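User: I have a two-chain model open and would like to learn how to read it. Could you walk me through some of its features?

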Amino acid sequence: MNRLFLLAPKTVLNKYVFDHFGDLSVEDFLSIRKRVEIPSDYFSTHKNDVLKQNSEVLSCMLDKDIEVFRNFDAEAFSQECIDKLASGNVKIKEEDLEKYPMLLENKKMCESMIRENPTLVKKMKDSQITHRIVSLLAESGYVPDEEDFLRCPSFAQNEGFVRKGIENHPNVILQIPNLSLDNVTTAIRNGFVPKKEHFYSYPHLKKFNQLLIRAFESDPSMIRIFDKEHLSSTYVVEASKRGYIASEMDLIENPDLTKYPCIMEPVIKKNPKLIVYLGASCPIHPMVIKEALQNYQITKQDLERFPNLARNESIMCHLPQFRLYSMHLTEKEKQKALEDVIKRKQNVTIDALPFLDYRFGAKADIKKLNKLIQCLDILIDEEDMDEQQRYFQILDKVIDGIVNIRYAQNKSSFLYTDIVSLHNNLMSILQKMSITQNPNYADAFVVNLHTFVGKRISREYLYKEIMQFYQMYLEGQNVDLPVTSAFFNFVLNEHRNDFSNKEKSEILKDVEGKMTLSQKKVNTIWNGRKLKEVAYRIQRRQWSSLGITEAQFHEMIQNTEEEILNNKDVKKSGMDIKKADLDLLAIPFSVNGALTLDLVQSILNGQNIEVMKFIVHKFEQMKFKLISNITLSEEQKEISNLEKEKLGGLNHKDYTIIEKNRYVKNLASLLLKLEDRTVNKILEKEEIIHEVAYFLPLLDLIHEFSVDTFLNILSNYNRVRYKIVKEKDSSLKIDYSNLILKKIEDVIVLANAYSSIDNITLLALGENIVSCVGEQNSKQYLNFYLKIIDRLMGSIPPVCIQMEDYSIESGFYSDPERLLIGKKIADTSCIDLLNLSGVSTYVETLSLRSGDVALFKDFQNNLLSRVLIFRRGNFIQMVTRFSDKTSIEVYKKIAEEMMEQAIAMQDNLDYIFINADNKNLDERGYITVQDPRFKSSFPHADTCVSAILLSSRENVQNSSAIRLDFDVLEKKSYMKLRKQISYQPTEEEITRLRALSIVMEKDVVERENKARDFDPFYKEEYREVYCGEDWYIAIREDGSLEELALPLQDPRIYEEMKYIKKNLHLKGNKTL
Amino acid sequence: MKTIGVVHFYNGEYGVILREKEEIDFSIEDISFQQEIHEGDLVAFRVEERFPAIKLARNITRIDHISKNTIEKEE
């Protein structure tokens, strides 16, 4: 456009613009608009893309008409134009946003648009949906859908929004990360049915039982997504009833399913191969296993891939060929299998001994065990008499060492412990004698001394010595210790010799009983028995059983007589022996089958004893020729210990002192006891272990020289060796093997001391417990005890019943005696912490809400019996020991007391049962109920499928009226019972509390400091002391107070302490 | 009860503490927090007795170091 044209009059310009609007450039527009008004509708009626795309033009036009923007292209929308639109309060329609989405970038406009039309949120970019927008949406009543939540996490943060979203679109629940129970309930109420994919994509949904149940209601196969916490026999049984059969993938994805027989049985019936997935504790029906195994042979590879199979007793008993894989293999079975391999001089391999594989319960690395076998390898030649003699000498030295240990152990209990006590006794006697002028006082002392030395010194000598001292005493001479010491040393030495001889002969007698006779000796004994049998058969003229005829027997006699008559020595002897004389001798021999020297002497009336002995020998020799016809029965071959004792004592000629079998047995036993930590410690010094290997065949013959002792020696060998040699620099050539033997007494005590467990651990558990569980296991039991000591509640009503001779108590959760339920009374029980089979039941009984145990104790607090107690849903099941002989009436009493409490507490406990497989329980008059879950729900508690009803909430007429619900949640909890306050506690009780407070200290630095300061409790330092089960208050002699409470949650601890303090008007001033 | 002694011998695995010429055995497991301990160190510990008269040090902690010469002179 010509610039001069702008000078034209307005009307002309208006006309020009109207006619040529489509041709106007931006420059033209900007120039013309200064002269004439350009109507905004031109932009809708005329076409001019240049103007419509220009932001300057738009900006100008907006100043005149805010609504004009709809005629412009999106390119024209500069920030300035958008701001103008925002400040112009223009109403943006939904269709505007299609064309101009950038308008939403303006906060003000965006908010205003959302306020006007909340659905515009759908047009917004995810990043544009701010918290502000979300709250505007919420205010405007907008109903978000699943897509909204997916696009913007802010939606999920608004509680009301979430609720509204779920109410209208239940699938929204999938997008809410922090779901509440309320959200879940709302979603379900509004028709949400979760699907498998939902749980896979949003695993947090699994936390909600309701969702799982809803999913399960619509599809029983949804049980596959139930985790351990939610899976229960109720759902499993229902799924099974509704026809669910798990697929292989289900079993892989949810191994918890493999625990249930009603899941696994149909699976296995359908596809026997899937038997490999069987869970460790799934008690499957034997018929199902048999059928499956007919169609599918389980291989070694299967067991290696699925080690749970080896844990399943019900299947392993059908696989005898894989017995060594079984986790239920007894120690005896392991020992035997290991011995067989060692005997064959083969390497110990997992192939031969699968139980030495970690997967099948091994405790130590098999390669290291092989290395140790090499280190402890010794040559054993049982036939080598020199070697037998050498070992006999070694054994003798070991016995001497042990006798010395026993002497030292018993010293404090001897009548006179040392030279000082002897001297003091003498002095008191001399004083009495002198005062009373009665020498008879010496008699009693002499008798005591005579007994003390085992009568090794005569009474006369002892009396003479005492009287000499008396004389000196009367004469006022010195009778002090240096004067009497020589005599009393002699007495003490004789006493020691007497003690040692007696102990040694006891040990030798024991060892002899355990030793095997040498084959040579055995043959001699057997031949003697055969000779007796020959004689017996001759007596009874059973010639054919001797392999001869009577004529041949007489011929043998004739030949023997000939040999005697022709013997040079007989001829030279001067005895005139005739054939007739020998025929006379042959008669009693034929009758008795034997000839004695006395008889020969009386018949021949001879003087030459040697000749007569020769004659007897020749006749007896005849019988030797016949013994090959005698076969001894196994019974006749037996050689009793009594017979062994008559042999004249342990010696290397009659006994096999070093025996290969014993070496192998001890080595196997040692290897089975080893754990990784110990074997590593031993192998750190592998180059010197061989020095003590020769002890292996002599272990377990004497109590103090057991495999355990040897293990202690091995684990501390370097340390013990240092202590014995006392040389830091061992460059001197020392024969350690010999030195160790010489000092075997020190070696044993040092090794045992170095392996001993810290006193604090032992005291925290208490001597009673340690003596039962064993010192080396005490740490494991203490760790478990620390887990149960703070148990406060349970689902089983506790009982405390006083019977005539004993008491019954349950619910005393922190009573350490409960740790012994598998050790005391029921010593063959597998319900124990260290028994792989029964540990889960042990843990449930002592530590879980659903378990308890009632202990039967006499009034001296000795454990007499126990009964395990389990709560499942609406019932309690008690399980007795197999050999328990307690009357059913006693259990009924326990049950009634429990039921009474449950009713008073309004608990949903309906029934109390006792296992029906105890034959000692007289079930007449009781209702018996059968349910397979009785067996499967209490693993290793030895329950059967039936139970006897002892008590019920309501009167039950017959078993069909009983409604068992294994899974209903228990309504009530019962608080643990507490021990009564002790007003005269023992030192051990208080020491135990002190030790427990240290092991329970959480701050490790503080724990070490407290442990360093630890002292047992000595009553003599205190005036008074009071103690509860987990606290004590002690008042020192100076009146100051010491108090300790274990860090436990039971509020009654502080109530009890307060009560004691209040009654004693005490105020605490020192807290440990 | 806490007591004090001087490490007389220690080879990194086990050792002996002297308390008034009385020998008390210990092993690395008895040292609190596996502290570095050397011969000549003054240490605090608790004593346990084992049959017949073996003394073991537990919960050992290092207090200070005393030079070897001082110990030998005292001995």
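Analyst: Happy to! Let's begin with the order of elements in chain B, which runs β-β-β-β-β-α along the sequence. Altogether that comes to one helix and five strands. Keep in mind that this is a predicted model.

User: What share of the residues in chain B is buried?

Analyst: A residue counts as buried if 20 or more other C-beta atoms lie within 10 Å of its own. By that test, 32% of the 75 residues in chain B are buried. Sequence separation adds to the picture: of the contacts in chain B with a separation of 6 or more, 52% are between residues 24 or more positions apart.

User: How many bridges join β2 and β3 of chain B, and in which sense do they pair?

Analyst: A general idea to start with: in a regular strand the side chains alternate between the two faces of the sheet. In chain B, strand β2 (residues 14–19) pairs with strand β3 (residues 22–27) over six bridges, in the antiparallel sense. To see the register, find L18(B), which has E23(B) of β3(B) opposite. The two strands form a hairpin with two residues between them, and there E20(B) has a positive phi near 45°.

User: Which elements of chain A touch chain B?

Analyst: In general, the size of an interface is often given as the accessible area lost when the parts come together. Here we can count residues instead: 17 residues from chain A and 18 residues from chain B take part in the contact. On the chain A side, the elements that give two or more residues are α25 (385–410), α44 (744–754) and α52 (1004–1013). That side is made up of seven nonpolar, three polar and seven charged residues.

User: Where are the domains of chain A?

Analyst: The domain assignment gives domain 1 (390–514), domain 2 (517–645), domain 3 (657–757), domain 4 (772–975) and domain 5 (987–1064). For a sense of scale, the C-alpha centres of domain 2 and domain 3 of chain A are 53 Å apart.

User: Now a helix, please. Which residues of α30 in chain A are buried?

Analyst: Check its length before its faces. Helix α30(A) (residues 519–539) has 21 residues and spans 30 Å from first C-alpha to last, close to the 30 Å expected at 1.5 Å a residue. Its buried residues are K530(A), E533(A), V534(A) and I538(A). They sit on the same side of α30(A) because they cover an arc of only 135° around the axis. These buried residues pack against α33 (579–592) and α35 (609–626) of chain A. Just after the helix comes R541(A), with a positive phi of about 55°.

User: What does the same reading give for helix α6 of chain A?

Analyst: In α6(A) (residues 79–87), the buried residues are C81(A), I82(A) and L85(A). Their arc around the axis is only 100°, so they lie on the same side of α6(A). Among the elements covering them are α5 (55–64) and α8 (107–116) of chain A. Just after α6(A), N89(A) takes a positive phi of about 50°.

User: One last case: is D931(A) buried or partly exposed?

Analyst: Count its neighbours: D931(A) has 16 other C-beta atoms within 10 Å, so it is partly exposed. You will find D931(A) in the loop between β10 (928–930) and α50 (933–936) of chain A. Leaving aside residues up to four places away in sequence, D931(A) touches V945(A) and L964(A).

Terms used: Residues are numbered from 1 along each chain as its sequence is written. Chains are lettered from A and ligands numbered from 1 in the order in which they are written. This is a predicted model: local features need pLDDT of at least 70, side-chain atom pairs count only at pLDDT 80 or more; totals for chains, interfaces and linings use all residues. Domain bounds come from an automatic or database domain assignment. Two strands pair if DSSP finds at least two bridges between them. Helices (H or I, at least four residues) and strands (E, at least two) are DSSP runs, numbered from the N terminus. Two residues are in contact if their C-beta atoms, placed from the backbone, lie within 7 Å. Ala, Val, Leu, Ile, Met, Phe, Trp, Tyr, Cys and Pro count as nonpolar, Asp, Glu, Lys and Arg as charged, and the others, Gly among them, as polar. The expected span of a helix is 1.5 Å times one less than its number of residues. A residue is buried if 20 or more other C-beta atoms lie within 10 Å of its own, exposed if 12 or fewer, and partly exposed in between; C-beta atoms are placed from the backbone. The arc is that of the directions from the helix axis to the C-beta atoms.
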